[in-house]
Amino acid sequence: MLFQGLLNDEPEGSIGPIANSGAIMIENLGNFDIGKDQMTQEHKETIVYVTALLCLKFGLTPSIDSITYHHWWHYGTKQRVLDNHNKYSVKSCPGTNFFGGNNTAHARNNFYPLVVKKMEEIRATMR
């Protein structure tokens, strides 16, 4: 019941009402900027697995519109800026070394394909 209640509330992340509307926020523990925490293989697998499960649950296809990074939102205006920002107006979250980096190309080329593959693996076990 507690989990259900949490899914009915919008997250209170720092990226503002546009990003938070109808959203679920996942907090991946660690500082995944270059030169900081090293993500373990288990951590990577868990992030991909949980993201895949949420995408399946809510009928989402991984994309910049369905899985968004804090890094793509301006601190002050709370508007989505994607890769069009200066480094002082956005967070580095999820990290400059998160599955290769934190820009939209890194997400499209490195993170989303892993999530899609995991979604396919999970679907195959449900047949």
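These exercises, each with a worked solution, concern a predicted model.

**Exercise 1. The nonpolar core**

Identify the residues of the largest nonpolar core that touch the most other members, and the helix that supplies the largest share.

Solution. Start with the membership: the largest nonpolar core has 21 residues. Those touching the most other members are Trp 72, Phe 98, Phe 99, Phe 111, Tyr 112 and Val 115. Next, assign the core to helices: helix 3 (41-58) and helix 4 (104-125) each contribute at least two residues. The largest share, 6 residues, belongs to helix 4. Finally, take Trp 72 and leave aside its neighbours within four places in sequence; its contacts then include Ile 64, Val 81, Leu 82, Ala 107 and Tyr 112.

**Exercise 2. Aromatic pairs**

Classify the pair formed by Phe 99 and Phe 111, and state which parts of the chain the pair ties together.

Solution. The count of aromatic pairs is 6. In the pair of Phe 99 and Phe 111, the ring centres are 4.9 Å apart and the planes are at 50°. Stacked requires planes under 30 degrees apart and edge-to-face over 60, so the pair is tilted. For the second part, locate each ring: Phe 99 is in the loop between helix 3 and helix 4, and Phe 111 is in helix 4, so the pair ties together parts 12 residues apart in sequence. Both Phe 99 and Phe 111 are buried. They also belong to one aromatic cluster with Tyr 69, Trp 72, Phe 98 and Tyr 112.

**Exercise 3. Two helix residues**

Decide whether Thr 51 and Arg 123 are buried, partly exposed or exposed.

Solution. Buried means under 20% relative accessible area, and exposed means over 50%. Thr 51, in helix 3, has 7% relative accessibility and therefore counts as buried. Not counting residues up to four places away in sequence, Thr 51 touches Ile 26, Ile 67, Phe 111 and Val 115. Arg 123, in helix 4, has 40% relative accessibility and therefore counts as partly exposed. The C-alpha atoms of Arg 123 and Leu 56 are 8.6 Å apart, with the two residues 67 apart in sequence.

**Exercise 4. The largest pocket**

Describe the volume and lining of the largest pocket.

Solution. The volume is about 980 Å³. The lining has 42 residues, and Ile 24, Met 25, Ile 26, Ile 67 and Thr 68 lie nearest the centre of the pocket. Helix 2 (16-20) and helix 3 are the elements giving two or more residues to this lining, with helix 3 providing the largest share, 5 residues. By residue class, the lining divides into 23 nonpolar, 12 polar and 7 charged.

Conventions: Residues are numbered from 1 along each chain as its sequence is written. This is a predicted model: local features need pLDDT of at least 70, side-chain atom pairs count only at pLDDT 80 or more; totals for chains, interfaces and linings use all residues. Side-chain values use heavy atoms; hydrogens and water are left out. A nonpolar core is a set of buried Ala, Val, Leu, Ile, Met, Phe, Trp, Tyr and Cys residues joined through side-chain atoms within 4.5 Å. Buried means under 20% relative accessible area, exposed over 50%, partly exposed in between (1.4 Å probe, protein chains only). Helices (H or I, at least four residues) and strands (E, at least two) are DSSP runs, numbered from the N terminus. Contact means heavy atoms within 4.5 Å. On a 1 Å grid over the protein atoms alone, a cavity is a set of points where a 1.4 Å probe fits but cannot get out, and a pocket is an open set with protein on both sides within 12 Å along at least five of seven lines; lining residues have an atom within 4 Å of a point. Grid points are joined across faces, edges and corners, and a volume is the space filled by probe spheres set on the points. Ala, Val, Leu, Ile, Met, Phe, Trp, Tyr, Cys and Pro count as nonpolar, Asp, Glu, Lys and Arg as charged, and the others, Gly among them, as polar. Rings of Phe, Tyr and Trp (its six-membered ring) pair if their centres lie within 6.5 Å; planes under 30 degrees apart count as stacked, over 60 as edge-to-face and the rest as tilted.
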